[in-house]
Structures are given as C-alpha cells and as structure tokens.
Amino acid sequence: MAIELNKEKPLIVTQTLDHPKQSVFGSFFSVFLENKAAVVGGLIILFYIFIAVFAPVLAPYHPHDINLDNKLMPPSTEHWMGTDDKGRDILSRILYGSRLSMGVGFAAVIFGAFFGITLGLIAGYYGKWIDSVIMRCMDVLLAFPGILLALAIVSALGPSLINVTIAVGAFSVPLFARIVRGSTLEVKQLEYIDAIRSLGAKDGTIIFKHILPNIMSPIIVQGTLRVATAILSAAGLSFLGLGAQPPSSEWGTMLSSGRDFLFSAPYIAIFPGLAIAFLVLGFNIFGDGLRDAFDPRMKK
C-alpha cells in the first residue's frame, strides 16, 4: 500500500510596517522637541538674533545720543528702561549692544574652533610625536584658568573688542582640540577608513571628507556651549575696562558704567545684567538639548 504525502508550501509571513523608519534628521528633531527647556533656549537665542538684526528699527533712540537734561531718568513710557548718567536711552543701547556681545561670542568660538579642530585632527590622525607635541601645548594652555589667560593676552595686545575676541577664542582652542582628537582616534580605527586608505586616498581627503563629517556632533554641542562662555567672558573683560571702550554699548561696558549708580539708579546695571543672564541661559539649555538629541541612547 502506497502512502502519498502532501507537501505543503511553507507559509511566508510578511510584516507590514505601519510607521516607516524615521530619518536621521527626523529622529534628531523629535528628540530635541521633547526637551521643552531646550526649545525655550532656542527661542531665546532666536529672539536675541532678531533684536540684533533689527536693532536700528526697534531702538527708539540712537544709542550714543547724549542728553544731559534727561540723565538718570527711571523707567517710564518715554524711556522704557530709563536713561544712564549721560542721558542715553538704556533700551536702545541694549538693543545695539546685542550685536556686539553676540558678535564677539560667535567670532571667538569660530576662532577657537578653527584652530582647535585643525590641531585635534592632525594630532588624532597622525599620532606619535606630532600628537605628543600638540597635546602637551594644549595641556599648557589648559593649565591656566580661561579668564586669566584671556587677561594676559588682552594685557599684551591692548584693550579693544578685537583683542578680546582673540583672547576669549584662545582659551577655547584646547577644548576643541581635545574633543576632536578623541573623536578622530575613534573614527580612524573603523574599517571603512582602512578601505579608503587602501584605495589610495590622500590624508587630506580622508581627514576632511570622511573623518571630520562623522565627528561634527560633539563639535556642534561644544561650540554652542562655548558661545555662552565666550559672551560671559567678553562681558567680564569689558567690565574690567579691557574690552570695548566707551561710548560703546557693549553690555559689559554698560555694566561697568552702571556700578557707580547701584544705589541711586540700579536699573543702569540691572537691565544689561539681565540681558547677559538670559542670553547665556538660552545658549546653555539649548546646548544641553543638542547634546541629548545627538546622543543615540536618547533616540527611540
């Protein structure tokens, strides 16, 4: 008796994805939006950028117009933040001062990032004695507190806003260099770098086309956080008389001129101080949000 077996075809199960895979940008954006504090920080930064760009339109008076008849006027409907000891409108000076303070902050970070990234890439990629020489120089710079290093540089170059930018940017160089070096050491060990090198790619192509784009996340986060430090440091140097010089409307200079009137007209120092505080706060919480968004462990 023959037994006939029926061979059934294997059951093929197909799974339909209801939600397509999120793009890298979409994943980053969704994680960032979940951090409400970071969103608020971004809005604060956008607000300051807005008033810096449109300061000539928003300012009710010219920041350098002197009117001794209106000196030391308290906040009113005519002068919303009052006037200083020379009768200049404080609101107008703060609006114009946002250009100087933010300009110094961004310029100093760009200066420090350019040299720090370059040195970090060279040290991390080539290693050996080149790495040792570069990183020992960075260790020497890190041995000095940032503000003291900036004070020494400004004292040598002379008080001016440009020299403050150089000084503040100088103590950002070793921070960027160390971060970039560590990331470069990690990326250059990957197999695709060996494959590219075996195909005959030059060092410059490997460094700037294949390594640098893959280590931009920590650079962006560090740069955002350093802007806040740069603005605060520049304001501190201007407060000491080593930065922007009168009649500049830079916020540190305004604070310096208002310290003589803390009891009779405290608003002269309060409003520039609040402007610095809120801007630094905005960059700090925005940078924290970027750090969380770039962290793959935070992504769903």
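Helices α4 (90–126), α12 (251–258) and α13 (267–294) each supply at least two residues of the lining of the largest cavity. Helices here are DSSP runs of H or I with at least four residues, numbered from the N terminus. The model is predicted: local features need pLDDT of at least 70, side-chain atom pairs count only at pLDDT 80 or more, and totals for chains, interfaces and linings use all residues. Residues are numbered from 1 along each chain as its sequence is written, and side-chain values use heavy atoms, with hydrogens and water left out.

**The cavity**

A cavity is a set of points, on a 1 Å grid over the protein atoms alone, where a 1.4 Å probe fits but cannot get out; lining residues have an atom within 4 Å of a point. Grid points are joined across faces, edges and corners, and the volume is the space filled by probe spheres set on the points. The count comes to one cavity of 30 Å³ or more, and the largest cavity has a volume of about 40 Å³. Its lining consists of Asp84, Ile90, Arg93, Met254, Ser257, Ile268 and Pro272. By class, four of these residues are nonpolar, one is polar and two are charged. In this scheme Ala, Val, Leu, Ile, Met, Phe, Trp, Tyr, Cys and Pro count as nonpolar, Asp, Glu, Lys and Arg as charged, and the others, Gly among them, as polar.

**Two helices and their lengths**

The expected span of a helix is 1.5 Å times one less than its number of residues. The table sets this value beside the distance between the end C-alpha atoms.

| Helix | Residues | Expected span | End C-alpha distance |
|---|---|---|---|
| α6 (146–157) | 12 residues | 16 Å | 17 Å |
| α11 (216–239) | 24 residues | 34 Å | 34 Å |

For α6 the two values agree, and for α11 they agree as well.

The buried residues of α6 (under 20% relative accessible area, with a 1.4 Å probe and protein chains only) are Leu149, Ala150 and Val154. They cover an arc of only 130° around the axis, which puts them on the same side of α6; the arc is that of the directions from the helix axis to the C-beta atoms. These residues pack against α5 (128–142), α7 (161–170) and α11. The face turned away from the buried side carries Ser155 and Ala156, which are exposed (over 50%). Gly158 follows α6 and has a positive phi, near 105°.

**Gly223 in α11**

Helix α11 contains Gly223, which is buried, with a relative accessible area of 13%. Gly223 touches Val109 and Phe176 (heavy atoms within 4.5 Å), not counting residues up to four places away in sequence. Just after α11, Gly241 takes a positive phi of about 90°.

Definitions and conventions: 1 Å grid on protein atoms, 1.4 Å probe; cavity = no way out; pocket = protein on both sides within 12 Å on 5 of 7 lines; lining within 4 Å.
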